[in-house]
Amino acid sequence: FPNHAVPSAEASTPDANPDVVFRLDDSSHPLVADVKYTEVKDYAHRSEVEQVVLYAVRYRSPVALTIHPRRGGAKKGLHIVGRIGSIVVGQYRVDLGAEDMEAEMEEMAAQISDLIASQTPSPSLQGPPSPA
């Protein structure tokens, strides 16, 4: 099958441009997110989830997040909807009609920061240091 050789994973990685990419000092990407303007009460549209999971795969991120405006009776804040393989899939519903938008954004930042921290192994869980 010489004409059907499978390229390496790096060579076949599609271009992916999520709206939000978090990067740590070690160049890892603990979370990628995409902002959507669709109404969500329970789950994001399948195509939106597939898109953000593709971004997580591309960036080797353990967390894929969609961000939506809170509408109707939907609860605001962070909602973890499950996993696809090893990737945690969530959505954040932000209240764009909040009286204090700065507080609303600070709350979103705190919840996303906590989510990132919950998925990042702490040094005590990585085992003993290797001998020098």
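Aspartate 34 is buried in this predicted model, because its relative accessible area is 5%, under the 20% that marks the limit for buried residues. The residue belongs to strand 2, which covers residues 31-35, and its side chain makes a polar contact, at 2.9 Å, with the side chain of lysine 36. When the neighbours within four places in sequence are left aside, the contacts of aspartate 34 are with Asn17, Pro18 and Asp19, with Gln51, Val52 and Tyr55, and with Leu65, Thr66 and Ile67.

Leucine 96 offers a contrasting environment: its relative accessibility is 54%, so leucine 96 counts as exposed, the cut-off for that class being over 50%. Leucine 96 lies in the loop that runs between strand 5 (87-94) and helix 2 (101-119). Together with Met101 and Met105, Leu96 makes a nonpolar patch on the surface, with an area of about 250 Å².

These two residues can be placed within the protein as a whole, whose secondary structure consists of two helices and five strands, arranged along the sequence in the pattern β-β-α-β-β-β-α. Of the 132 residues in the protein, 33% are buried, and aspartate 34 is one of the buried residues. Where contacts between residues at least 6 apart in sequence are considered, 58% of them join residues that are at least 24 apart. The protein exposes a surface of about 8800 Å², of which 53% is supplied by carbon and sulfur atoms.

Technical notes:
Residues are numbered from 1 along each chain as its sequence is written. This is a predicted model: local features need pLDDT of at least 70, side-chain atom pairs count only at pLDDT 80 or more; totals for chains, interfaces and linings use all residues. Side-chain values use heavy atoms; hydrogens and water are left out. Helices (H or I, at least four residues) and strands (E, at least two) are DSSP runs, numbered from the N terminus. Buried means under 20% relative accessible area, exposed over 50%, partly exposed in between (1.4 Å probe, protein chains only). A polar contact is a pair of N or O atoms within 3.5 Å; within protein, one must be able to donate a hydrogen and the other to accept it, and residues adjacent in sequence count only if both atoms are side-chain atoms. Contact means heavy atoms within 4.5 Å. Patches are made of residues with over 30% relative accessible area and no salt bridge: like charges are joined within 9 Å, nonpolar side chains (Val, Leu, Ile, Met, Phe, Trp, Tyr) within 5 Å. Accessible areas come from the Shrake-Rupley method with a 1.4 Å probe; for residues, only the protein chains shown count as cover. A salt bridge is a side-chain nitrogen of Lys or Arg within 4 Å of a carboxyl oxygen of Asp or Glu.
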